[in-house]
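Please work through the following exercises with the structure in view. Each task is followed by a solution in steps.

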Amino acid sequence: MTAPTKPPHHSPDDTVSGPPPAGRPRPDAPGPTTAAPASGARLHSPVIDWFDEHARDLPWRRPEAGAWGVMVSEFMLQQTPVNRVLPVYEQWLARWPRPADLAAESPGEAVRAWGRLGYPRRALRLHGAAVAITERHDGDVPADHAQLLALPGIGEYTAAAVASFAYGQRHAVLDTNVRRVFARAVTGVQYPPNATTAAERRLARALLPEDERTAARWAAASMELGALVCTARNESCPRCPIADRCAWRLAGKPEHDGPARRGQTYAGTDRQVRGKLLAVLREAHTPVPQAELDRVWHEPVQRARALDGLVADGLVEPMPGGLYRLPLT
């Protein structure tokens with residue numbers, strides 16, 4: 001695998017973004033599908049210039065991170081703030097610096113090391129991707145977008161992010177931060193739809209600069225702008241490099257009039273119970289009896305439902321005698 005000269009990177013939600021590497025255009029790279037609209041051409045330079053000056057120094061953006069470091073960060077940053085990811089990311093890469101190192105461990109060890117990042121199925125998916133990379137690609141994260149997309153646990157967003165941030169390719173990288181920036185700056189509305197639409201994907205492709213290296217930097221820069229300046233609440237227009245051409249601001253910042261935006265709750269949910277059960281199993285290095293798990297939550301029906309869900313998701317392995325452990329296979 002050829003390491004990018006300067007890997008970068010992203011972030012879902014406060015999550016992040018990074019300066020994509022200065023990768024060379026590949027001869028087989030697909031050309032632009034749509035010319036960027038005039039509004040897009042006016043956005044590229046100020047946003048990228050702002051990014052050059054204000055981008056955060058994050059470990060997955062450094063050259064030594066390589067494509068594996070970028071991929072690990074992408075999994076961890078989904079719905080998780082940067083400050084929570086940083087210590088787990090560094091411990092993870094110190095323990096498993098290459099996909100083959102993770103693939104050699106049991107999936108339960110990945111769940112254990114995931115700690116309290118939340119959404120622990122991501123740990124299983126990252127482990128599955130590491131196994132596939134080791135078996136199919138000699139242990140190197142593939143640069144080809146289609147090969148990335150074919151890995152288990154990799155969706156369109158992650159494939160595009162790794163191809164762009166790790167290999168400097170031209171892809172529309174459309175996370176929550178980017179969608180919000182495009183909704184405001186180009187579409188003139190406060191928030192994007194709850195779920196990504198085909199229209200948003202078309203707009204993102206149309207806004208891509210034609211030059212591959214510039215497109216990769218634009219992907220990281222627009223994401224960073226959404227994470228630091230054009231935030232969901234308390235946007236900082238005086239600090240925004242494109243405030244003078246933002247359609248939403250110029251329209252007087254009309255309030256959101258679409259479907260109610262989904263909020264996230266945690267206390268009292270099955271997700272909280274699952275987290276408490278997994279915390280017990282992560283701390284234990286031998287199988288845990290049912291009675292020990294029963295002590296973590298007072299409501300037996302919800303507790304049983306949460307445990308059944310963990311088993312169904314492959315995060316917990318039941319054993320004879322009412323014992324449970326993290327998965328070995």
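**Exercise 1. Determine which residues the ring pairs link into a cluster, and describe the pair of tryptophan 92 and tryptophan 114.**

Solution. In this predicted model, ring pairs join Trp92, Trp96 and Trp114 into a cluster. A search of the whole structure gives four aromatic pairs. One of them is formed by tryptophan 92 and tryptophan 114, with 5.7 Å from centre to centre and 85° between the planes. Planes over 60 degrees apart count as edge-to-face, and this pair is edge-to-face. Next, locate the partners: tryptophan 92 belongs to helix H3 (residues 82-95) and tryptophan 114 to helix H5 (residues 107-114), so the pair ties together parts that are 22 residues apart in sequence. Finally, tryptophan 92 and tryptophan 114 are both buried.

**Exercise 2. Explain why the pair of phenylalanine 182 and tryptophan 218 is classed as it is.**

Solution. The ring centres of phenylalanine 182 and tryptophan 218 are 5.9 Å apart and the planes stand at 10°, so the pair is stacked. Phenylalanine 182 is in helix H9 (residues 176-187) and tryptophan 218 in helix H11 (residues 212-228), so parts 36 residues apart in sequence are tied together. Buried means under 20% relative accessible area. Phenylalanine 182, with 5%, is therefore buried, and tryptophan 218, with 3%, is buried as well.

**Exercise 3. Identify the residues that salt bridges with shared partners join into one network, and examine the bridges of glutamate 109 to arginine 95 and to arginine 112.**

Solution. The count of salt bridges comes to 16. Glutamate 109 forms one with arginine 95, the closest N and O atoms being 2.9 Å apart. This pair links distant parts of the chain, since glutamate 109 lies in helix H5 and arginine 95 in helix H3, 14 residues apart. Glutamate 109 also meets arginine 112 in a salt bridge (3.0 Å, N to O). Here both residues, arginine 112 and glutamate 109, lie in helix H5, three residues apart, about one turn of the helix. As to accessibility, glutamate 109 is buried at 17% and arginine 112 is buried at 18%, whereas arginine 95 is partly exposed at 38%. The network itself consists of Arg95, Glu105, Glu109 and Arg112.

**Exercise 4. State which residues form a positive surface patch, and place arginine 271.**

Solution. The positive surface patch is formed by Arg84, Arg116, Arg271 and Lys276. Arginine 271 lies in helix H13 (residues 270-283). With a relative accessibility of 32%, arginine 271 counts as partly exposed.

Technical notes. Residues are numbered from 1 along each chain as its sequence is written. This is a predicted model: local features need pLDDT of at least 70, side-chain atom pairs count only at pLDDT 80 or more; totals for chains, interfaces and linings use all residues. Side-chain values use heavy atoms; hydrogens and water are left out. Patches are made of residues with over 30% relative accessible area and no salt bridge: like charges are joined within 9 Å, nonpolar side chains (Val, Leu, Ile, Met, Phe, Trp, Tyr) within 5 Å. Accessible areas come from the Shrake-Rupley method with a 1.4 Å probe; for residues, only the protein chains shown count as cover. A salt bridge is a side-chain nitrogen of Lys or Arg within 4 Å of a carboxyl oxygen of Asp or Glu. Lys and Arg count as positive and Asp and Glu as negative; His and the chain ends are not counted. The place of a charge is taken as NZ of Lys, CZ of Arg, CG of Asp or CD of Glu. Helices (H or I, at least four residues) and strands (E, at least two) are DSSP runs, numbered from the N terminus. Buried means under 20% relative accessible area, exposed over 50%, partly exposed in between (1.4 Å probe, protein chains only). Rings of Phe, Tyr and Trp (its six-membered ring) pair if their centres lie within 6.5 Å; planes under 30 degrees apart count as stacked, over 60 as edge-to-face and the rest as tilted.
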